[in-house]
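Let's take a walk around the ligand site in this one. Pull up the structure and follow along.

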Amino acid sequence: MKERKKVSLNKKATLFLVATPIGNLNEISSRALEILNSVSVIACEDTRNTLKLLTHFDIHTRMITYHNFNESESTKGIVMLLENGEDVALVSDAGYPLISDPGYELVNEVISRGFDIVTISGPNAALNALVASGLKTTHYLFYGFLNSKSSQARKELEELKEFPYTLIFYEAPHRIEKTLKLMYEVLGDRRACLARELTKLHEEYHRGTLSELCQLHDLKGEMVVLVEGYEKKEETIDMDRLINEVDELVRDGMKAREAVSTVCKDHDISKNVLYNEYLKRKK
Ligand code: SAM
């Protein structure tokens, strides 16, 4: 059994937020292993999953559970450990804790009590997928899971419809076909990417448009869906056509200004632009 080295001897105890692999175990960092070895306790979502990771790396640190169903109770327990000077590491089943995973309540409680919080970097499914998607990376919105009820998910997508940055979603395999269809209906036929089984043997990317992704069937495993942000399409103004419409109204007896105003309202464009063009052509 490896000797455990305590990290915080004469300072306040620390909560470490440790990112763990999303598939390939080789992606754990040596710093993560060092922390998981040295803390007094590892708080995890599911001890069976974390045990596999710890066994693989021959780590024997004590585990306690911390998941959505016992967040308040175990937050208290973890705060007590910190108060006793024990360092604690929080991990989830995969990737970063708190990212579509538990930990939010704990982090806030620990911040309010003035303990240190240190993040140990590592894999994250959303970012892995984003950088390989071919979609814009300068700005993006990580949304995580849409609501599992279709009507609610539709509302959420409606709210995101005019958001101009790449959208990143997590989705479960049993809902993916329905969700892609809904995205196509609400967001239109945008560029999109489905990233599956990242860092694992069957990792794959499907890049195309939402209607093309809707043709995929029997998708299994873990997946991230990324959709291009909203792009305002500048309507090209066909001036000749608009001037003809104005002329027609004038021929029917309407005053030029009123005719311009009517045509502009119909096409949702500025009156000044069309009126100036009209006057220029009538000279
Ligand atoms: N905390 C994790 C992170 O930082 O990425 C996310 C956990 S969330 C409960 C699980 C979801 O993340 C899956 O349903 C899937 O959408 C996505 N995910 C996790 N691992 C993945 C992988 N290897 N490939 C693709 N998506 C993955």
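Start with the polar contacts: Tyr 96 puts a polar backbone atom 2.9 Å from a nitrogen atom of the ligand. Keep in mind that this is a predicted model, so treat the distances here as computed from it. Next, look at Ala 125, where a backbone N or O atom sits 3.0 Å from an oxygen atom of the ligand. Glu 222 joins in through its side chain, with an N or O atom 3.4 Å from a nitrogen atom of the ligand. As for how covered the ligand is, it exposes 570 Å² when taken alone, and the protein buries 91% of that.

Now zoom out a little to the shell. There are 19 residues around the ligand, and the ones that come nearest are Asp 101, Asn 124, Tyr 170, Leu 198 and Met 223. Sorted by character, the shell splits into eleven nonpolar, five charged and three polar residues. Two strands are worth highlighting in your viewer: β7 (166-171) and β10 (223-227), each of which supplies at least two residues of that shell.

So where does the ligand lie relative to the domains? Domain 1 (14-123) and domain 2 (126-227) both contribute residues to the shell, so the ligand lies between them. And if you run through the pockets, the largest is the space that the ligand takes up.

Technical notes: Residues numbered from 1 in each chain as written. Predicted model: local features only at pLDDT ≥ 70, side-chain atom pairs only at ≥ 80, totals over all residues. Heavy atoms only, no water. Near = heavy atom within 4 Å. Polar contact = N/O pair within 3.5 Å; in protein donor to acceptor, adjacent residues only side chain to side chain. Areas by Shrake-Rupley, 256 points an atom, 1.4 Å probe, with all protein chains shown as cover. 1 Å grid on protein atoms, 1.4 Å probe; cavity = no way out; pocket = protein on both sides within 12 Å on 5 of 7 lines; lining within 4 Å. Sits in = over half its atoms within 2 Å of the grid points. Helix = DSSP H or I, 4+ residues; strand = E, 2+ residues; numbered from the N terminus. Nonpolar A, V, L, I, M, F, W, Y, C, P; charged D, E, K, R; others polar. Domains from an automatic or database assignment.
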